[in-house]
Amino acid sequence: MPEVPSYRIFASSQSASKALAEDISQLIRSRDSEERTTVLGLATGNTPVQLYKELIRMHRDGLSFRNVVTFNLDEYIGIDREHPESYWQFMHSHLFNHIDINPENIHIPEGMVAADNIESHCSAYENQIEEAGGIDLQVLGIGRNGHIGFNEPGVSPDVATHATELNQVTINDAAEAFGGAADVPQRAITMGVKTILGAQRIALLAFGSSKADIVERALTSGITSEVPATYLQSHNDTTFFLDQDAGKRLS
Ligand code: GLP
């Protein structure tokens, strides 16, 4: 039987973010003490912004990211790194520009890869994760339709990093940032569910009442491709970090 992921409901999104940042810093320090690198899977979106702020604060207080390797979940296809809405840009402005990570240790799928090279780019990404020793801790958000990364409803759990079409809910949710739905990229490269489930540990952050229904479904409905986050029920070390609004449907 799959184990339902555990969840923790915090007084605020800030305290949830602080708790996860604390876990991440302990992981980095413990692996540093064994002279091992820490491999983090990272997410974009509004939800992890406070987590990244907290990690930057911890860095100012002495936490080093010199031995940290990162892999981001996803990137839009067809926009370049300098585009204000690219995930490359997001990660650099919200985290990487403010910590001592080695730029060579940062991995984000390349949104401008030529159509003919997408498949090889995706398999190279998987190889890089494997060569790094696999992901120690994967941070996730959740889309209102239950997507994780850009694994949209209908996705198979057996697919690794791949190119995908964005779901209409996802496009609508991104429309404001892009100045209209017509300007939201239609496709993205994303780690697959298989890649995500390969992480040792998974921490999913969800805040606000707009996430309450999907959080409840992710945790309590059976595993279904219609809600990709339900695949996390088959992972043995997943925790949802929720604020009170996102957790309000859970007893
Ligand atoms: C995007 C990202 C996801 C993220 C989701 C939710 O679609 N690809 O990784 O979890 O948005 O975003 P937010 O945290 O802004 O609600």
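This report walks through a few helices, cores and single residues in a predicted model.

## Two helices leaning on each other

Let's start with helix α2 (residues 49-60) and helix α3 (residues 87-94). Their axes sit 10 Å apart and make an angle of about 40°. How are the two oriented to each other? An angle like that is neither under 35 degrees nor in the range 65 to 115, and α2 and α3 are therefore oblique to each other.

Who does the touching? On the α2 side you'll find V49, Y52 and I56, and on the α3 side F90, M91 and H94. Sort these contact residues by type and you get five nonpolar, one polar and no charged.

## The nonpolar cores

Next, look inside. The largest nonpolar core has 60 residues. The ones with the most contacts within this core are I24, L51, L55, L95, F96, V139 and L232. Pick L55 and have a look around: leaving out residues up to four places away in sequence, L55 touches A21, I24, F65 and L95.

There's also a second, separate core, made of eleven residues, with Y76, Y87, F150 and F178 among them. As a bit of background, nonpolar side chains tend to be buried together in soluble globular proteins.

## One face of helix α7

Helix α7 covers residues 212-220, and its buried residues are A212, I214, V215, A218 and L219. Seen down the axis of α7, these buried residues fall within an arc of 165°, so they line one face of the helix. Why can residues spread along a helix share a side? An α-helix has 3.6 residues a turn, so residues three or four places apart point the same way.

And what lies over the buried residues of α7? The cover includes the strands β1 (6-10), β9 (201-206) and β10 (238-243).

## Two acidic-looking spots to check: D23 and E35

Find D23 in helix α1 (residues 13-33). Is D23 buried or exposed? With a relative accessible area of 18%, D23 is buried, because the cut-off for buried is under 20%. Not counting residues up to four places away in sequence, D23 touches R8, R201 and F241.

Now move to E35, in the loop between α1 and β2 (38-42). E35 counts as exposed, at 76% relative accessibility. Its backbone is worth a look too: E35 has a positive phi of about 55°, although it is not a glycine. For context, most residues other than glycine have a negative phi.

Definitions and conventions. Residues are numbered from 1 along each chain as its sequence is written. This is a predicted model: local features need pLDDT of at least 70, side-chain atom pairs count only at pLDDT 80 or more; totals for chains, interfaces and linings use all residues. Side-chain values use heavy atoms; hydrogens and water are left out. Axes are lines fitted to C-alpha atoms, for helices over the stretch in contact, and angles run from 0 to 180 degrees between N-to-C directions. Helices (H or I, at least four residues) and strands (E, at least two) are DSSP runs, numbered from the N terminus. Angles under 35 degrees count as roughly parallel, over 145 as roughly antiparallel, 65 to 115 as roughly perpendicular and the rest as oblique. Contact means heavy atoms within 4.5 Å. Ala, Val, Leu, Ile, Met, Phe, Trp, Tyr, Cys and Pro count as nonpolar, Asp, Glu, Lys and Arg as charged, and the others, Gly among them, as polar. A nonpolar core is a set of buried Ala, Val, Leu, Ile, Met, Phe, Trp, Tyr and Cys residues joined through side-chain atoms within 4.5 Å. Buried means under 20% relative accessible area, exposed over 50%, partly exposed in between (1.4 Å probe, protein chains only). The arc is that of the directions from the helix axis to the C-beta atoms.
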